[in-house]
Amino acid sequence: MSLPATYEKILITKLTPNFREAAQVVSTQLKPPAKNEILLKVLYVGINASDIVVSAGGWSADGGKTPFDCGLEALGIVAGIGENVTNVHLGQTALYWSLSNRRAYSQYINVVATDVILVPDLKPEYIGLMVSGLTAAIGLEMGAAVKAGDKVLITAAAGGCGHIAVQWAKRVLNAQVIALCSNETKRELLQQLECCDCIINYRTQDVSAILSQKYPDGIDVIWETLGGQLFKTLANHVAPRGRLLSVGTISTYKNPHETSDVNLPRKFYSQGRKLYGFSIVRQQRHFDDYFKKLYTLFVTGQLLVITDFGENTSDGPFESLHGIVRAVEYLHSGENIGKVIAQI
């Protein structure tokens, strides 16, 4: 395989949640893989809401000293093999993702061979099984301890993580699923998944009134990813001894100075309710087992992964590293359906 002398990647050069201001495409020398490493030619990358947390300096042990690489997940082809690597071969297709060594937004990456997952073909849907899929599966099963028959409410249910969460809750955990979405196109997608017992458009419908009418005894598990006022509204509908799992606060990522509800703790401890914060970063010991479960469900047709390449945006699909900025902005517009992916 012929390799270039240089390649491009995205560096964060300024700490800000404005990804357009933070990110810069730079050219650098391509180095051969070191001992125990492979060189991965990146063809697709997954976009995540937390990209702007990273660009603002979050998740950084050193406080976010610039410049630094970014990007959590990638799918590509093995383009080089380092010394001592015997289990990976040139031309194989591989997934890479890391929550600590974030550098997927690149045309090429050198990674330790044992850190990639070999897959049979270049299906971008595999990317949806990594950060989004693992967050949904581990979060619902281990974080929220969902049981068969539980009433489970999923916010952002048509998003990259949410559309997998509704399927996992219904098809794997046998829960009763209440899905929240933000427009009618997303409602139609959720109806097609045939996993939701109730679908609410939280932008046009009165969420609190509907929940009070349909579920007067409360919701057993609320999977909450948006934060802000919606979080406060949903906190009033957790059933006694129910659980609210805060998986993210996407609505506050651009402006982290969201005021909190000082009465929230009282709402929970007074009736044995539980409030959990869930971070996929702390669940690495479960990754292998749950990825295998997700992969098996996907390849056997029991799990549908929806991808969104931005085909319906005014500027067209997200292509090349320069398209990643648009992809991040698009995800935070709330218009995406399924997992946002850019083709490099």
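Two residues are taken to be in contact when heavy atoms of theirs lie within 4.5 Å. The structure described here is a predicted model. By the contact criterion, 23 residues of domain 1 touch 19 residues of domain 2. Domain 1 is made of two stretches of the protein chain, 6-122 and 306-343, whereas domain 2 is the stretch 129-281. The centres of domain 1 and domain 2, taken over C-alpha atoms, are 28 Å apart.

The size of an interface is often given as the accessible area lost when the parts come together. For domain 1 and domain 2 the buried area is about 1700 Å², and 72% of it falls on carbon and sulfur atoms. The rule for salt bridges finds zero across the interface of domain 1 and domain 2. Polar contacts, in turn, are found across this interface for seven residue pairs, with both residues at pLDDT 80 or more.

On the side of domain 1 that touches domain 2, the elements giving two or more residues are helix H2 (51-55), strand E5 (73-81), strand E6 (93-97) and helix H10 (322-333). Strand E6 provides the largest share of that side, with three residues. Sorted by class, the side of domain 1 that touches domain 2 holds 13 nonpolar residues, seven polar residues and three charged residues.

An open sheet is formed by three strands, arranged in the order E2-E1-E4 with antiparallel pairing. Strand E2 (23-29) and strand E4 (68-69) are the edge strands, and each of them pairs on one side only. Between strand E1, residues 6-12, and strand E2, the antiparallel pairing runs over seven bridges. In this pairing, Thr-6 is placed opposite Gln-29 of E2.

Two features of the backbone were noted in loops. The peptide bond between Thr-66 and Pro-67 is cis, with an omega of about -5 degrees. Pro-67 belongs to the loop that links H2 and E4; H2 is also among the elements that give two or more residues to the side of domain 1 touching domain 2, and E4 is an edge strand of the open sheet. The other feature concerns Asn-84, which is not a glycine but has a positive phi of about 80 degrees. Asn-84 is located in the loop between E5 and E6. Both E5 and E6 are listed among the elements that give two or more residues to the side of domain 1 facing contact with domain 2.

Technical notes: Residues are numbered from 1 along each chain as its sequence is written. This is a predicted model: local features need pLDDT of at least 70, side-chain atom pairs count only at pLDDT 80 or more; totals for chains, interfaces and linings use all residues. Side-chain values use heavy atoms; hydrogens and water are left out. Domain bounds come from an automatic or database domain assignment. Buried area is the accessible area (1.4 Å probe) that two parts lose on being put together, summed over both. A salt bridge is a side-chain nitrogen of Lys or Arg within 4 Å of a carboxyl oxygen of Asp or Glu. A polar contact is a pair of N or O atoms within 3.5 Å; within protein, one must be able to donate a hydrogen and the other to accept it, and residues adjacent in sequence count only if both atoms are side-chain atoms. Helices (H or I, at least four residues) and strands (E, at least two) are DSSP runs, numbered from the N terminus. Ala, Val, Leu, Ile, Met, Phe, Trp, Tyr, Cys and Pro count as nonpolar, Asp, Glu, Lys and Arg as charged, and the others, Gly among them, as polar. Two strands pair if DSSP finds at least two bridges between them.
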